[in-house]
Amino acid sequence: MWTVEPAEPGDAAAVADLWVALASDQRRHGSHLRAAANREPIRAAMARAAADDRLDVARDGGDVVGFVHYAVERGSLVQDLTRGVVNDLYVVPERRSEGIGTSLLDAAEATLRDRGADTVSVEALADNERAIRLYERRGYRPHRVEFEREVENDKRSRGDG
């Protein structure tokens, strides 16, 4: 049986491997992140997040089968509330539909609430219907909408050329 617990800095490599799987999968939903090229910076970031208690993992025995990375938003602009932000949430595909993602999200929300968050935000790529359904079932509603378009530049040209 799996458990959700705070990550240890030694979990960073396993979490980085899962993050690479997450980022690779998100490419089909339109993500621009290069998964494998970011493995080392993510490993270092996840080690810092574990040391700062901003990373939880789902473990089954000694294996990490999911993770959630989160923080209280700290910016230079004054807001009328304190936002907690879930940056990454991932469960290995063969373990989905067991409640692991829900438990990871529960843990992140509880920690963020304990740290003073008035609200929690999550992101999902517009094409990732499974993630959107999870967040909507949890009571999350759209707050911002981001748009993008390609531009003509030296690397990419349009037209008849």
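This is a chat about a buried aspartate, a helix pair and two aromatic pairs in a predicted model.

Trainee: Where does Asp-11 lie?
Mentor: Asp-11 lies in the loop that runs between β1 (2–6) and α1 (12–26).

Trainee: Is Asp-11 buried or exposed?
Mentor: Asp-11 counts as buried, because its relative accessibility is 9% and the cut-off for buried is under 20%.

Trainee: And what is Asp-11 in contact with, leaving aside neighbours within four places in sequence?
Mentor: With those neighbours set aside, Asp-11 is in contact with Val-57, Arg-59 and Val-64.

Trainee: Switching to helices, how do α1 and α2 pack?
Mentor: The axes of α1 and α2 (residues 39–51) are 8 Å apart and meet at an angle of about 130 degrees, so the two helices are oblique to each other, and their crossing is right-handed.

Trainee: Which residues make that contact?
Mentor: On the α1 side they include Ala-12, Val-15 and Trp-19, and on the α2 side they include Ile-42, Arg-43 and Met-46; by class, the contact has 9 nonpolar, 3 charged and no polar residues.

Trainee: How many aromatic pairs are there?
Mentor: The count comes to 2. One of them joins Phe-67 and Tyr-90, which are tilted, with 6.5 Å centre to centre and 45 degrees between the planes. Phe-67 is in strand β3 (residues 63–72) and Tyr-90 in strand β4 (residues 83–91), so this pair ties together parts 23 residues apart in sequence, and both residues are buried.

Trainee: What about Tyr-135 and Tyr-140?
Mentor: Their ring centres are 5.8 Å apart with the planes at 65 degrees, so that pair is edge-to-face, and Tyr-135 and Tyr-140 are both buried.

Key: Residues are numbered from 1 along each chain as its sequence is written. This is a predicted model: local features need pLDDT of at least 70, side-chain atom pairs count only at pLDDT 80 or more; totals for chains, interfaces and linings use all residues. Side-chain values use heavy atoms; hydrogens and water are left out. Helices (H or I, at least four residues) and strands (E, at least two) are DSSP runs, numbered from the N terminus. Buried means under 20% relative accessible area, exposed over 50%, partly exposed in between (1.4 Å probe, protein chains only). Contact means heavy atoms within 4.5 Å. Axes are lines fitted to C-alpha atoms, for helices over the stretch in contact, and angles run from 0 to 180 degrees between N-to-C directions. Angles under 35 degrees count as roughly parallel, over 145 as roughly antiparallel, 65 to 115 as roughly perpendicular and the rest as oblique. A crossing is left-handed if the near helix is turned anticlockwise from the far one by less than a right angle, and right-handed if clockwise. Ala, Val, Leu, Ile, Met, Phe, Trp, Tyr, Cys and Pro count as nonpolar, Asp, Glu, Lys and Arg as charged, and the others, Gly among them, as polar. Rings of Phe, Tyr and Trp (its six-membered ring) pair if their centres lie within 6.5 Å; planes under 30 degrees apart count as stacked, over 60 as edge-to-face and the rest as tilted.
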